[in-house]
Amino acid sequence: MTYQFIKLELENNIATMSLDRRDALNALNRAFCCELANALQELDRRQDVRAIILKSNARIFCAGLDLTEFFPAGGRYNTKSAFDFRQNVQVILDCASVFERCRKPVIAAIHGKCVGGGLDIAAACDIRFCTEDATFSLREAAVGLVADVGVLQRLPLIIGQGYTREMAYTARFYSAKEVERMNLVNAVYPDQHAMLEGARTLAMEICENAPMAIMATKEVLNYSRDASIEEGMRMAVEKNAILMSSDDIREAVTAFREKRKPKFIGE
């Protein structure tokens with residue numbers, strides 16, 4: 001798996017995906033978003049990947065949408081430009097959604113600025129960590145746009161309507177301390193090294209559990225956001241009916257009887 005704007009590493013069932021469009025501060029254009037989607041789909045298919053860490057190799061996490069690509073030169077806008085814009089934005093939308101659809105848990109490790117489309121992607125991840133120098137901005141209103149890549153739909157489920165509306169209406173930058181209070185991030189670390197160590201520690205804890213159970217749990221959690229409690233419970237029961245025939249659950253029972261830690265293989 002080789003990409004132009006992404007670096008991938010795999011160790012101990014943990015894949016680290018590094019955003020590497022450094023000269024553009026990881027601004028999102030079509031080629032970058034296509035690579036992100038393709039890379040994540042590949043990691044999703046791999047049985048040797050149980051958790052994913054998303055980080056940046058640039059001096060910030062993400063500068064948001066690459067406006068130079070998505071708007072016509074000279075600022076002239078017409079019907080064709082509108083159709084092109086819709087098609088281009090779909091690429092970004094698909095890129096953010098693939099993080100949510102990925103069956104493996106994704107931990108976003110954020111440093112520096114996380115702006116616009118970067119926040120869209122972070123909101124689509126399962127868990128977010130950041131450094132003390134991180135700042136977050138739902139930036140679209142400041143450039144005359146509406147955020148349309150899922151953040152207005154996902155963020156209220158993470159931080160609530162009040163904080164989401166505040167971030168969207170002001171378009172200002174929020175500090176790590178502020179977003180921790182909002183519960184946008186699970187933890188704040190003093191620097192990138194400490195943050196990545198924290199992300200790896202959490203990823204290792206996830207990897208110790210049954211992989212198919214983790215994937216099924218993520219699917220039930222995603223489904224349950226738009227379903228009733230009863231509907232969500234029924235889906236969980238359906239997943240368990242399938243998992244009851246797995247080798248992993250037999251290993252769990254055997255390990256319990258033998259008073260040892262189970263060794264799951266994801267089958």
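In the predicted model, strand β4 is covered on both faces: V106, A108 and I110 are buried on one side, and I107 and A109 are buried on the other. The strand spans residues 106-110, and five of its five residues are buried. In a regular strand the side chains alternate between the two faces of the sheet. The assignment of V106, A108 and I110 to one side of β4, and of I107 and A109 to the other, follows this order.

Strand β4 has parallel neighbours in β3 and β6. Strand β3, residues 51-56, pairs with β4 in the parallel sense over three bridges. Within this pairing, I53 of the model stands opposite I107 in β4. The strands β4 and β6 also run parallel, and four bridges join them. Here A108 has R128 in β6 as its bridge partner. A108 and I107, which have these partners in β6 and opposite I53 respectively, belong to opposite sides of β4.

Strand β6 also takes part in the lining of the largest pocket. This pocket has a volume of about 400 Å³. Its lining comprises 18 residues, and those nearest the centre are C125, D126, K218, L221 and N222. At least two lining residues come from each of α4 (117-124), β6 (127-131), α5 (151-170) and α8. The largest contribution to this lining is that of α8, with five residues. By class, ten of the residues lining the largest pocket are nonpolar, two are polar and six are charged.

The second largest pocket has a volume of about 240 Å³. This pocket is lined by 18 residues, and L65, L67, G117, E140 and L145 are the closest to its centre. Two or more lining residues are given by each of α3 (79-101) and α4. Of the elements, α3 gives the most to this lining, with three residues. The classes represented in the lining of the second largest pocket are eleven nonpolar, three polar and four charged residues. Helix α4 is thus named for both pockets, supplying at least two residues to the lining of the largest pocket and two or more to that of the second largest.

The cysteines were examined next. The structure holds zero disulfides. For C102, the nearest cysteine sulfur is that of C125, 9.3 Å away, and C102 is in no disulfide. C102 is buried, with a relative accessibility of 2%. C125 is also one of the residues nearest the centre of the largest pocket. For C114, the closest cysteine sulfur is in C62, at 6.7 Å, which is too far for a bond, because a disulfide requires the two sulfur atoms to lie within 2.5 Å. C114 is buried as well, at 0% relative accessibility.

Side chains of opposite charge can pair when their charged atoms come close. The count of salt bridges in the model comes to 17. One of them joins E42 and R45, with the closest N and O atoms 2.9 Å apart. Both residues belong to helix α1 (residues 30-45), where they are three residues apart and so separated by about one helical turn. E42 is partly exposed, with a relative accessible area of 25%, whereas R45 is exposed at 57% relative accessibility.

A further salt bridge connects E219 and K239, the closest N and O atoms again being 2.9 Å apart. E219 lies in helix α8 (residues 211-224) and K239 in helix α9 (residues 229-243), so this pair ties together parts that are 20 residues apart in sequence. E219 is partly exposed, at 38% relative accessibility. Helix α8, which holds E219, is also the element that gives the most to the lining of the largest pocket.

R260 and E251 meet through their side chains in a salt bridge with an N to O distance of 2.7 Å. R260 is partly exposed, with a relative accessible area of 33%, whereas E251 is buried at 17%. The value for E251 lies under the 20% limit for a buried residue. Finally, K7, D20 and R22 are linked in a network of salt bridges.

Note on methods:
Residues are numbered from 1 along each chain as its sequence is written. This is a predicted model: local features need pLDDT of at least 70, side-chain atom pairs count only at pLDDT 80 or more; totals for chains, interfaces and linings use all residues. Side-chain values use heavy atoms; hydrogens and water are left out. A salt bridge is a side-chain nitrogen of Lys or Arg within 4 Å of a carboxyl oxygen of Asp or Glu. Buried means under 20% relative accessible area, exposed over 50%, partly exposed in between (1.4 Å probe, protein chains only). On a 1 Å grid over the protein atoms alone, a cavity is a set of points where a 1.4 Å probe fits but cannot get out, and a pocket is an open set with protein on both sides within 12 Å along at least five of seven lines; lining residues have an atom within 4 Å of a point. Grid points are joined across faces, edges and corners, and a volume is the space filled by probe spheres set on the points. Ala, Val, Leu, Ile, Met, Phe, Trp, Tyr, Cys and Pro count as nonpolar, Asp, Glu, Lys and Arg as charged, and the others, Gly among them, as polar. Two strands pair if DSSP finds at least two bridges between them.
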